[in-house]
Amino acid sequence: MDIPYLRAENDEQSIRIYRGNHPDPILVQNAQTHQRPFIHPILAPDGNGVLTENAPPHHPWQHGIYIGLNDVNGIGFWEEGINHHPKDGSFHPLPLKPAVINLHHASWEIETWWRDPEGNHMITERQQWSLHDLRSTYELDFQWSLRAEIKLTFGRYDYGGLFLRMPYRHELGGEALNSEVQINGEAEGKRARWVSCRMPIEGRTDNAGFVLMDHPNNAEHPVPWRVDGQLGISPSRCIAGQWMLGKGETQIHQYRILVFCGDMDPSHVNNNWRNFASKISIYKE
């Protein structure tokens with residue numbers, strides 16, 4: 001069966017990607033004014049079930065697929081001010097431009113200004129996303145850049161960076177598996193090329209999930225990973241130690257995210273990671 005071409009609906013604060021004339025988007029990019037940009041929901045590739053979770057009770061500042069950091073010059077960009085911490089910074093995305101659609105591919109960008117509690121511009125963040133719909137899976141390639149508007153020190157922390165939150169339910173369980181064959185808590189804080197996460201999803205009888213891949217050109221590759229008690233996963237160079245950027249410098253990271261139904265064969269993931277590692281080169285300023 002042919003795969004319907006993608007289409008997009010856009011406004012300045014969201015991009016909704018659809019397969020053909022289906023009424024439900026397969027992915028929504030959110031970028032509301034004065035809020036952290038995030039992707040939610042992502043529909044399973046077979047159309048059965050939503051694979052991301054927005055603002056769960058155990059972590060109300062988490063939103064599907066998003067970015068956060070805990071200590072930038074002592075300023076927090078993680079909890080979004082929910083706990084009224086006086087050192088929390090804020091996010092200010094610029095109006096979105098329309099997504100670019102080419103058959104089964106979609107791409108879009110988000111530029112966000114990160115400000116300290118006094119409103120001073122600290123960081124210009126750019127997220128560049130590319131979605132390839134392969135029917136049974138999606139490939140999401142992601143380039144994340146941070147430009148320092150002032151001299152910056154990023155503190156060591158147990159988590160921070162790209163983060164995935166799925167709808168984990170303790171009674172149903174799930175599994176995180178990394179490229180070093182470590183499972184769930186064994187993978188916490190460990191270096192790996194990729195980590196997959198799968199779990200039961202409402203509306204389907206089997207599992208579905210994601211694989212997040214770290215590019216070999218990224219700093220600290222293979223990066224340490226956060227794997228938390230609710231199977232939130234994150235490639236996080238913050239675990240390895242602090243790093244710095246001078247005023248005007250830009251740091252770029254690249255990741256691939258696979259979205260799948262059922263279970264994912266690790267040999268297929270390794271082949272896909274090798275393809276990702278060989279075909280994408282990082283642009284550095």
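These questions and answers walk through a predicted model of one protein chain.

Me: How many strands are there in the chain?
Reply: The chain is built from strands and helix. The helix count is 1. The strand count is 20.

Me: What radius of gyration does the chain have, and why does it agree with a compact globule?
Reply: The chain has 285 residues. A compact globule with that many residues would have a radius of gyration near 19 Å, so the value for the chain agrees. Its C-alpha atoms fill a box of roughly 55 × 40 × 40 Å along the principal axes. The radius of gyration of the chain is 18 Å.

Me: What share of the contacts with a separation of 6 or more comes from residues 24 or more positions apart?
Reply: Buried residues make up 53% of the chain. Among contacts with a separation of 6 or more, residues 24 or more positions apart account for 60%.

Me: Which residues have the most contacts inside the largest nonpolar core?
Reply: This core has 61 residues. Strand β11 (residues 137–148) gives the largest share of it, 6 residues. Apart from it lies another core of 11 residues, including Trp-194 and Trp-273. Inside the largest core, the residues with the most contacts are Trp-108 and Phe-210.

Me: Which residues does Trp-108 touch, not counting those up to four places away in sequence?
Reply: Trp-108 is one of the two residues with the most contacts inside the largest nonpolar core. Its partners on the earlier side of the sequence are Ile-15, Leu-27, Gln-29, Ile-39 and Ala-99. The others are Gln-127, Gln-128, Trp-129, Leu-131 and Leu-140.

Me: Which strand gives the most to the lining of the largest pocket?
Reply: The largest pocket holds about 280 Å³ of space. Of its 13 lining residues, the closest to the centre are Lys-97, Trp-108, Glu-109, Ile-110 and Glu-111. β9 (105–115) and β10 (121–133) each supply at least two lining residues. The most, 5 residues, comes from β9.

Me: How many charged residues are in the lining of the largest pocket?
Reply: Sort the lining by class. Nonpolar residues number 7 and polar residues 2. The charged residues number 4.

Me: How much space lies in the largest cavity?
Reply: The structure holds 1 cavity of 30 Å³ or more. Its lining includes Leu-69, Trp-144, Cys-238, Trp-243 and His-253. β13 (161–164) and β20 (250–261) each supply at least two of the lining residues. The space in the largest cavity is about 50 Å³.

Me: How many nonpolar residues are in the lining of the largest cavity?
Reply: The lining includes Gly-160, Gly-161, Pro-235 and Tyr-255. By class, 4 residues are polar and 1 is charged. The nonpolar residues number 7.

Me: Is Pro-93 buried or exposed?
Reply: Pro-93 sits in strand β7 (residues 90–93). Beyond its sequence neighbours, Pro-93 is in contact with residues including Ala-31, His-34, Pro-37 and Ile-110. Its relative accessible area is 11%, and the cut-off for burial is under 20%, so Pro-93 is buried.

Me: What distance separates the C-alpha atoms of Pro-93 and Arg-36?
Reply: Along the sequence, Pro-93 and Arg-36 are 57 residues apart. In space, their C-alpha to C-alpha distance is 7.4 Å.

Me: Is Asn-21 buried or exposed?
Reply: Asn-21 is found in the loop between β2 (14–19) and β3 (27–30). Its C-alpha atom is 9.1 Å from that of Tyr-5, 16 residues away along the chain. The relative accessible area of Asn-21 is 76%, and the cut-off is over 50%, so Asn-21 is exposed.

Me: Where does the peptide bond from His-221 to Pro-222 lie in omega?
Reply: This bond is cis. Pro-222 lies in the loop between β16 (207–214) and β17 (225–227). Another cis bond joins His-40 and Pro-41, with omega about -5°, and Pro-41 is in strand β4 (residues 38–42). For His-221 to Pro-222, omega is near -10°.

Me: What is the phi of Glu-220?
Reply: Glu-220 lies in the loop between β16 and β17. Glu-220 is partly exposed, at 35% relative accessible area. Glu-220 is not a glycine, yet its phi is positive, at about 70°.

Me: Is His-84 buried or exposed?
Reply: His-84 lies in the loop between β6 (75–77) and β7. His-84 has a positive phi of about 55° although it is not a glycine. Its relative accessibility is 72%, so His-84 counts as exposed.

Definitions and conventions: Residues numbered from 1 in each chain as written. Predicted model: local features only at pLDDT ≥ 70, side-chain atom pairs only at ≥ 80, totals over all residues. Heavy atoms only, no water. 1 Å grid on protein atoms, 1.4 Å probe; cavity = no way out; pocket = protein on both sides within 12 Å on 5 of 7 lines; lining within 4 Å. Points joined across faces, edges and corners; volume = space filled by probe spheres on them. Helix = DSSP H or I, 4+ residues; strand = E, 2+ residues; numbered from the N terminus. Nonpolar A, V, L, I, M, F, W, Y, C, P; charged D, E, K, R; others polar. Core = buried A, V, L, I, M, F, W, Y, C linked by side-chain atoms within 4.5 Å. Buried < 20%, exposed > 50% of the residue type's maximum accessible area, 1.4 Å probe, protein only. Contact = heavy atoms within 4.5 Å. Rg over C-alpha atoms; globule rule 2.2 N^0.38 Å.
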